[in-house]
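Me: I would like a close look at a single part of this protein, the N-terminal part, and at how that part sits against the rest. Please keep the answer plain.

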Amino acid sequence: MNRVETKGIVLYNRPYRESDMLVKLFTETEGKRMFFVKHARDSKLTPVIQPLTTSDFILKLGQEGLGFIEDYRDSKTFVAINEDIFKLAFATYVVALADAAIQDNIADPSLFAFLTKTLELMEEGLDEEVLTNIFEIQVLSRFGVSLNFSECVVCHRVGMPLDFSYQYAGCLCPDHVHQDAHRAQVDPNVIYLLSRFQGVSFEELRTISVGPEMKVKLRAFIDQLYEEYVGIHLKAKKFIDDMADWGQLMHRD
Ligand SMILES: [Zn+2]
């Protein structure tokens with residue numbers, strides 16, 4: 001077996017047989033892989049195989065199939081995220097999205113860095129909804145979806161109020177919106193924000209602030225994009241949608 005040392009984050013775990021556990025890790029250098037943990041409840045590994053825990057792992061990898069966690073150090077949990085059901089719901093969704101976006105056993109260190117940074121910023125107290133939107137927009141490329149929200153797909157002009165066209169799989173400026181009668185009719189500010197989200201750096205993430213009304217519009221349009229171009233339905237996303245419904249119920253009171 002091949003022995004490697006890598007940073008990793010627990011995507012999820014599930015019981016296996018009577019007292020064992022299967023743990024899915026997303027590692028920096030080995031991609032996503034499943035690991036077998038014997039007697040998971042009284043193992044020294046118990047604290048580090050909980051979802052959303054990051055560690056420097058020493059792993060044993062077989063040619064195929066399951067690997068083993070030999071040791072770990074510098075284990076970290078996201079305390080603030082775990083204490084807040086809203087933050088936890090968004091963090092869980094972002095992790096599930098990363099899991100869905102790439103194949104097992106293929107390294108993707110940039111997605112790994114982006115995922116862990118997104119979680120660190122949620123932990124730090126930055127807006128989890130906006131961070132989730134940015135993650136959703138940037139991870140689209142991993143699903144093979146490439147959309148340009150900064151220019152008109154016909155004349156390539158930038159800096160204009162743009163609408164989105166599913167027919168053209170791109171944006172249309174005021175001179176060319178008439179070319180698609182069934183265009184999305186999105187608030188141009190939503191398109192503008194998506195163009196910023198596409199190119200945003202970690203440092204800039206701290207400076208982005210979005211009002212509640214715009215958040216609702218962003219959520220609705222990104223949902224449409226995912227329905228049209230990605231077509232996955234994650235349980236973690238359903239939970240967020242249900243949570244929004246509880247919010248509305250509370251507002252009606
Ligand atoms: Zn144009």
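Reply: What follows goes through the N-terminal part, then its contact with the rest of the chain, then a helix pair.

The model is predicted. UniProt, in an unreviewed entry, places the feature "domain: DNA replication/recombination mediator RecO N-terminal" at residues 1-73. Over that stretch the chain is 62% strand and 0% helix. The C-alpha atoms at the two ends of residues 1-73 are 21 Å apart.

Strand β1 covers residues 2-16 and has pairing with two other strands to describe. One partner is β2, residues 20-27, which runs antiparallel to β1 and is joined to it by eight bridges. Among the paired residues, Tyr-16 of β1 has Asp-20 in β2 as its bridge partner. Three residues lie between the strands in the hairpin of β1 and β2, and in this hairpin Arg-17 takes a positive phi near 50°. The other partner is β4, residues 54-61, again antiparallel to β1 and again joined by eight bridges. Here Ile-9 stands opposite Thr-54 in β4. As a general point, side chains in a regular strand alternate between the two faces of the sheet.

The domain assignment gives bounds of its own: domain 1 is 2-77, and domain 2 is made of 82-146 + 184-252. Taken over C-alpha atoms, the centres of domain 1 and domain 2 are separated by 26 Å. Where the domains touch, 12 residues of domain 1 are in contact with 16 residues of domain 2. On the domain 1 side, β1 and β3 (31-37) each supply at least two of the touching residues. The largest share comes from β3, with three residues. By class, this side of domain 1 has four nonpolar, four polar and four charged residues.

Beyond the N-terminal stretch there is a helix pair, α2 (residues 85-101) and α3 (residues 109-124). How do the axes of α2 and α3 cross? They come within 11 Å and cross at roughly 180°. Angles over 145 degrees count as roughly antiparallel, and α2 and α3 are therefore roughly antiparallel to each other. From α2, the contact is made by Lys-87, Phe-90, Ala-91, Val-94 and Ala-98. From α3, Leu-111, Leu-115, Thr-118, Leu-119 and Met-122 take part. The residues of this helix contact divide into eight nonpolar, one polar and one charged.

Conventions:
Residues numbered from 1 in each chain as written. Predicted model: local features only at pLDDT ≥ 70, side-chain atom pairs only at ≥ 80, totals over all residues. Axes fitted to C-alpha atoms, helices over the stretch in contact; angles between N-to-C directions. Helix = DSSP H or I, 4+ residues; strand = E, 2+ residues; numbered from the N terminus. Parallel < 35°, antiparallel > 145°, perpendicular 65-115°, else oblique. Contact = placed C-beta atoms within 7 Å. Nonpolar A, V, L, I, M, F, W, Y, C, P; charged D, E, K, R; others polar. UniProt positions renumbered as here; feature names shortened; annotations may be inferred. Pairing = 2+ DSSP bridges. Domains from an automatic or database assignment.
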